[in-house]
Amino acid sequence: YTLASLSDTLKSVTLRWYQDGMLHQVAGCRATWTKSGTAGEFLILNIEATGIYSQPTDTALPSALFENQAAPLEMSATNTPTATINSVANCVAAFELNVGNSLVYESYANCTTEVAIRDRVPEGSIELKSKLIAGQNFYTLFEAGTLVPISIVHGVTAGNILTITLSNCQLMEPTLADRNGVQFMNIPFMPISTDGTSEISLAFT
């Protein structure tokens with residue numbers, strides 16, 4: 001999965017759910033999302049969608065087919081073997097990535113009503129164990145405005161691996177934090193696109 005440039009041709013989905021013999025649905029949904037992970041917990045994908053309302057209808061619950069689903073994995077040294085900033089390995093306690101889609105409900109005269117994505121401002125943060133300046137100087141990277149790649153690989157078994165690649169990130173000012181008596185560093189960042197689509201890549205393998 002990579003981001004598409006902003007346009008009216010972006011695909012939408014219809015969300016349906018059944019409750020007490022009634023079908024509820026919202027059509028033409030487009031969404032923004034946040035991916036986050038904390039050591040010792042499952043990764044979370046939070047999706048916030050906006051769509052076009054439809055009145056509920058009396059509809060019987062259809063037969064459901066449940067496919068095999070790989071078991072979720074906690075973020076840990078075993079399950080998350082790769083976490084790098086500017087190709088340098090780091091000990092990461094938590095991260096968050098917000099795609100930052102701007103959703104706009106549009107219903108103009110003589111036009112099709114839709115929910116459009118009119119802007120995208122991705123941002124995120126990563127919390128890592130502090131290291132000596134000689135190991136990696138985040139202050140220099142911040143002050144120089146150097147664009148750096150961030151990569152996180154979660155999962156070790158084929159079919160259940162997620163690779164998050166942020167090719168060009170602008171690091172913000174680091175702040176220090178305490179985690180169980182150990183000094184950590186929290187670094188906000190902004191993924192930067194060079195062509196309108198390249199700032200975020202999610203690969204499932």
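In this predicted model, Arg-179 sits over the face of Phe-184, at 5.8 Å from the centre of the ring. Pairs between aromatic rings are another matter: a search of the whole structure returns zero of them.

The neighbourhood of Arg-179 offers a further point of interest in the backbone. Asn-180 is found in the loop that runs between strand E12 (175-179) and E13. Asn-180 is not a glycine, yet its phi is positive, at about 55°. With a relative accessible area of 77%, Asn-180 is exposed, because the cut-off for that class is over 50%. A positive phi of about 55° is also found at Asp-20, again a residue that is not a glycine. Asp-20 belongs to the loop between strand E1 (13-19) and strand E2 (22-38). Its relative accessibility of 74% places Asp-20 among the exposed residues.

Turning to the interior, the largest nonpolar core has 27 residues, and the members that touch the most others are Ile-126 and Leu-171. Several elements each supply at least two residues of this core: strand E4 (82-85), strand E6 (92-98), strand E9 (123-129), helix H1 (138-144), strand E10 (147-154), strand E11 (162-171) and strand E13 (182-191). Of these, E11 gives the most, with five residues. The surroundings of Leu-171 are worth following in the structure. Leaving aside residues up to four places away in sequence, Leu-171 touches Ile-85, Phe-138, Leu-141, Phe-142, Val-148, Ile-150, Ile-187, Pro-188 and Phe-189.

Some of these names return in the description of internal space. The structure holds one cavity of 30 Å³ or more, and the largest cavity contains about 60 Å³ of space. Its lining is made up of Phe-95, Leu-97, Ser-125, Ile-126, Ile-150, Ile-152, Ile-164, Leu-166 and Phe-189. Ile-126, one of the two core residues with the most contacts to other members, is thus also found in the lining of the largest cavity. Ile-150 and Phe-189, both contacts of Leu-171, line this cavity as well. At the level of elements, E6, E9, E10 and E11 each supply at least two of the lining residues.

An open space is found elsewhere in the model. The largest pocket has a volume of about 450 Å³. Its lining comprises 20 residues, of which Tyr-1, Lys-11, Arg-30, Ala-31 and Ile-117 are the closest to the pocket centre. Two or more lining residues come from each of E1, E2, strand E3 (44-58) and strand E8 (114-120). The largest share of the lining is that of E2, with four residues.

Finally, Val-88 illustrates a contact between distant parts of the chain. Val-88 lies in strand E5, which covers residues 88-89. Gly-135 is 47 residues away along the chain, but the C-alpha atoms of Val-88 and Gly-135 are separated by 8.7 Å. Gly-135 is also one of the residues that Val-88 touches, together with Ala-83, Lys-131 and Gln-136, when residues up to four places away in sequence are not counted. Even with these contacts, Val-88 is partly exposed, because its relative accessible area of 28% falls between the limits of under 20% for buried and over 50% for exposed.

Conventions:
Residues numbered from 1 in each chain as written. Predicted model: local features only at pLDDT ≥ 70, side-chain atom pairs only at ≥ 80, totals over all residues. Heavy atoms only, no water. Phe/Tyr/Trp six-rings, centres within 6.5 Å; stacked < 30°, edge-to-face > 60°. Lys NZ or Arg CZ within 6 Å of the ring centre and 35° of its normal. Core = buried A, V, L, I, M, F, W, Y, C linked by side-chain atoms within 4.5 Å. Buried < 20%, exposed > 50% of the residue type's maximum accessible area, 1.4 Å probe, protein only. Contact = heavy atoms within 4.5 Å. 1 Å grid on protein atoms, 1.4 Å probe; cavity = no way out; pocket = protein on both sides within 12 Å on 5 of 7 lines; lining within 4 Å. Points joined across faces, edges and corners; volume = space filled by probe spheres on them.
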